[in-house]
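Reader: Please take one part of this fold and walk me through it closely. I would like the central sheet and what packs around it.

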Amino acid sequence: MKKIMHYAKEIIFLIVTVTIMTNIMSLYKSQSLTHTPLNIRSIELIDGSVYKVKSDKPLLVHFWATWCPVCKLEASNIVFLSKHFEVLTIAVKSGDDAKVRHFLQEHNYNFKVFNDPNAALASKFHITGFPTTFIYNKEHKLAFSDVGYSSTLTLYLKMLWAGR
C-alpha cells in the first residue's frame, strides 16, 4: 500500500508539473499573437457553406494542421466544444480542400473548417505554433489565447467566461 501511495504521489506531481510548464509555455508563445478584435464577419468553409460570425455569442477560433500531432490529440476537444459553442477552425498548410475533407472524414471530425493552404490568415494572426486557439467574447474582443494543447475543461470554462 505504501508503494502505491508513493507512485500515486509521483504521478500527481508529474501531472501538476507538466500542466504548469505547458501553461507557462503557452503564455510565453501567445505573447506574439495578435490581440486585436476579431475582424472576420463571414468566411467560406471547405464544404462550400458560408459561416457568419454571430454577434451575440463568444467564438472559439482554432488554428490547426493535419500534419500536427498535438492538433490530432486536441481535435476531440474541439469536436466536443463545437457541439456546445460557436467554433471556427482554420486548417493551415494542410493541402487543398479535398485533402482536408478527406482528413476530417477519416478521423470523423465534424467541426467547421476554413482552409488556409498558404497560411495567409495564420500570418494575420501571427501564428507561430500549432495548435493555436483564440477565444473572443460577445463583443469580438480577444478574451483568451492558447498555443499548444488545451484540455476540454479549460476551453469549456474559458468559453463560459467569454460568454458571460
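Author: One definition comes before the details. Helices and strands here are DSSP runs, numbered from the N terminus; a helix has at least four residues and a strand at least two. On that basis, K93 sits in the loop between β4 and α3. The model is a predicted one.

Start with the overall layout. The protein chain has five helices and seven strands. Read from the N terminus, its elements run α-β-β-β-α-β-α-β-α-β-β-α. Buried residues account for 43% of the 164 residues. Take the contacts between residues at least 6 apart in sequence: 71% of them join residues at least 24 apart.

Now the sheet. Five strands form it, in the order β5-β4-β3-β6-β7. The sheet is open, and its pairing is mixed. β5 and β7 (142-147) are the edge strands, each pairing on one side only. On average, neighbouring strands are turned by 15° against each other, direction ignored.

Follow the pairing from β3 (residues 59-64). Six bridges join β3 to β4, and the two strands run parallel. F63 has I90 of β4 as its bridge partner. Next comes β4 (residues 86-92) with β5. Four bridges join this parallel pair. Here I90 appears again, with F114 of β5 as its bridge partner. I90 is thus a shared point: it is a bridge partner of F63 and of F114.

Look at β5 itself, residues 113-116. V113 and N115 point one way from the strand. F114 and D116 point the other way. All four of these residues are buried.

Two helices pack on the sheet. α2 touches β3, β4 and β6 (132-136). The direction of α2 makes about 160° with that of β3. α3 touches β3, β4 and β5, and its direction makes about 135° with that of β5. α3 covers residues 97-107, and together with β4 and β5 it makes a right-handed β-α-β unit.

Both loops of that unit hold a residue with an unusual sign of phi for you to inspect. In the loop between β4 and α3, K93 has phi near 45°, positive although the residue is not glycine. K93 counts as exposed because its relative accessibility is 51%, and the cut-off for exposed is over 50%. In the loop between α3 and β5, N108 has a positive phi of about 60°, and it is not a glycine either. N108 counts as exposed too, because its relative accessibility is 65%.

α2 also has a helix partner. The axes of α2 (residues 69-82) and α5 (residues 152-162) come within 9 Å and cross at roughly 35°. The crossing is right-handed. From α2, the contact uses E74, N77, I78, F80 and L81. From α5, it uses T152, L155 and Y156. By class, this contact has five nonpolar, two polar and one charged residues. So α2 meets α5 and also packs on the sheet.

One last stop is the loop between α4 (120-124) and β6, where P131 is found. The peptide bond from F130 to P131 is cis, with omega near -10°.

Technical notes
Residues numbered from 1 in each chain as written. Predicted model: local features only at pLDDT ≥ 70, side-chain atom pairs only at ≥ 80, totals over all residues. Heavy atoms only, no water. Buried < 20%, exposed > 50% of the residue type's maximum accessible area, 1.4 Å probe, protein only. Pairing = 2+ DSSP bridges. Right-handed = clockwise from strand over helix to strand, strands pointing away. Axes fitted to C-alpha atoms, helices over the stretch in contact; angles between N-to-C directions. Left-handed = near helix turned anticlockwise from the far one by under 90°. Contact = heavy atoms within 4.5 Å. Nonpolar A, V, L, I, M, F, W, Y, C, P; charged D, E, K, R; others polar.
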